[in-house]
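New to this one? Here's a quick briefing to read alongside the sequence and the 3D view.

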Amino acid sequence: MDFSDTIGISASGMRVQSARLRIAAENLANEETTGSTPGADPYRRKTITFKDEVDAATGVSTVKVKEIGRDPSDFQLKYDPSHPAADDKGYVKMPNVNSMVEIMDTHDAQHSYEANLNTMQITRSMLTRSINLMKN
């Protein structure tokens, strides 16, 4: 494996963690987004899955986004008869977003992103040192 392979692997890791952060941020932003008509479904939490993919040209394994899906878990009901989306019993379907899960996912994605960034920076430093050695 050479330096460009290492940088490519780190870059793919950074791309998927960036996508993971965007999904978690979107989920958090829509934590209270309900339907606008009686009985309407609210925002449904998005999920993200990854897959390993081998680069045919280099033979190096990288990571890609496999799918951005929807969490099929049930919606919570909240009693609020004055809400425009309340059903005939006064209950409103609330998004299936758990802020603690999203925050933990955000922290995990941030740490993974930083680890990939550090690997890329170390590789770049090693490459620079190798070039400097060849100059002398």
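Going from the N terminus, the elements of this protein come in the order α-β-β-β-β-α. That makes two helices and four strands. Keep in mind as you look around that this is a predicted model.

**Overall shape**
- Along its principal axes, the protein's C-alpha atoms fill a box of roughly 80 × 25 × 20 Å.
- The radius of gyration is 22 Å, whereas a compact globule of 136 residues would come in near 14 Å.

**The annotated stretch**
- UniProt lists residues 90-133 as "domain: Flagellar basal-body/hook protein C-terminal", and the entry is an unreviewed one.
- Residues 90-133 are 80% helix and 9% strand.
- From one end of that span to the other, the C-alpha atoms are 74 Å apart.

**Inside and contacts**
- What share of the 136 residues counts as buried? The figure is 30%.
- Now take the contacts with a separation of 6 or more: 61% of them are between residues 24 or more positions apart.

**Surface and charge**
- The protein's accessible surface adds up to about 8800 Å².
- Carbon and sulfur atoms account for 54% of that surface.
- On the charge side, there are 16 positive and 19 negative charges.
- Average the positions of each set, and the two mean positions end up 6 Å apart.

Terms used
Residues numbered from 1 in each chain as written. Predicted model: local features only at pLDDT ≥ 70, side-chain atom pairs only at ≥ 80, totals over all residues. Heavy atoms only, no water. UniProt positions renumbered as here; feature names shortened; annotations may be inferred. Rg over C-alpha atoms; globule rule 2.2 N^0.38 Å. Buried < 20%, exposed > 50% of the residue type's maximum accessible area, 1.4 Å probe, protein only. Contact = heavy atoms within 4.5 Å. Areas by Shrake-Rupley, 256 points an atom, 1.4 Å probe, with all protein chains shown as cover. Lys, Arg positive; Asp, Glu negative; His and termini not counted. Charge placed at Lys NZ, Arg CZ, Asp CG, Glu CD.
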